[in-house]
Amino acid sequence: RHALEELAVVPEAVLFVAGSPNDLIGARAVGMPVWWHNRVHLDRGAAPSPIAEHDTIRPLPAAVLG
């Protein structure tokens, strides 16, 4: 939240790239959409669903640029 406030951006305008299920929880709690780079195939458990999950970061530019 502090970083969002300092940058003067709303959470919905930031795509958070997560590396762990805990990242999914934290980023979603403040309202950021989450793209999960799950390179080691971790179990999400009870964490909220990301907008996308990939084991490589290669699809990320297309997701960002649309």
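What share of the contacts in the protein with a separation of 6 or more comes from residues 24 or more positions apart? In this predicted model, such residues account for 17% of those contacts.

The fold was examined next. Three helices and three strands make up the secondary structure of the protein. Their order along the sequence is α-β-α-β-β-α. The radius of gyration is 12 Å, and the globule rule gives 11 Å for 66 residues; the two values are close, so the protein is as compact as a globular protein of that length. The C-alpha trace spans about 35 × 30 × 15 Å along the principal axes.

Burial and surface were then computed. Of the 66 residues in the protein, 24% are buried. The exposed area of the protein is about 4500 Å². Carbon and sulfur atoms supply 56% of that area. Charged side chains number 5 positive and 7 negative. The centres of these two sets are 5 Å apart.

Two residues illustrate local environments. Asn38 is placed in the loop between β2 (34-37) and β3 (52-54). The relative accessible area of Asn38 is 3%, under the 20% cut-off, so Asn38 is buried. Its side chain makes a polar contact with the side chain of Glu53, at 2.8 Å. With neighbours within four places in sequence left aside, Asn38 is in contact with Glu53, His54 and Asp55. Glu53 therefore appears both in the contact list of Asn38 and as its polar partner, where N or O atoms within 3.5 Å are required.

Ile25 belongs to helix α2, which covers residues 21-29. The relative accessible area of Ile25 is 45%. This value falls between the 20% and 50% cut-offs, so Ile25 is partly exposed. Ala47 lies 22 residues from Ile25 in sequence. In space, their C-alpha atoms are 5.6 Å apart. Ile25 is in contact with Ala47 and also with Pro48, once neighbours within four places in sequence are left aside.

In summary, Asn38 is a buried loop residue with a side-chain polar contact to Glu53. Ile25 is a partly exposed helix residue in contact with Ala47 and Pro48.

Definitions and conventions:
Residues are numbered from 1 along each chain as its sequence is written. This is a predicted model: local features need pLDDT of at least 70, side-chain atom pairs count only at pLDDT 80 or more; totals for chains, interfaces and linings use all residues. Side-chain values use heavy atoms; hydrogens and water are left out. Helices (H or I, at least four residues) and strands (E, at least two) are DSSP runs, numbered from the N terminus. The radius of gyration is taken over C-alpha atoms; the globule rule is 2.2 Å times the number of residues to the power 0.38. Buried means under 20% relative accessible area, exposed over 50%, partly exposed in between (1.4 Å probe, protein chains only). Contact means heavy atoms within 4.5 Å. Accessible areas come from the Shrake-Rupley method with a 1.4 Å probe; for residues, only the protein chains shown count as cover. Lys and Arg count as positive and Asp and Glu as negative; His and the chain ends are not counted. The place of a charge is taken as NZ of Lys, CZ of Arg, CG of Asp or CD of Glu. A polar contact is a pair of N or O atoms within 3.5 Å; within protein, one must be able to donate a hydrogen and the other to accept it, and residues adjacent in sequence count only if both atoms are side-chain atoms.
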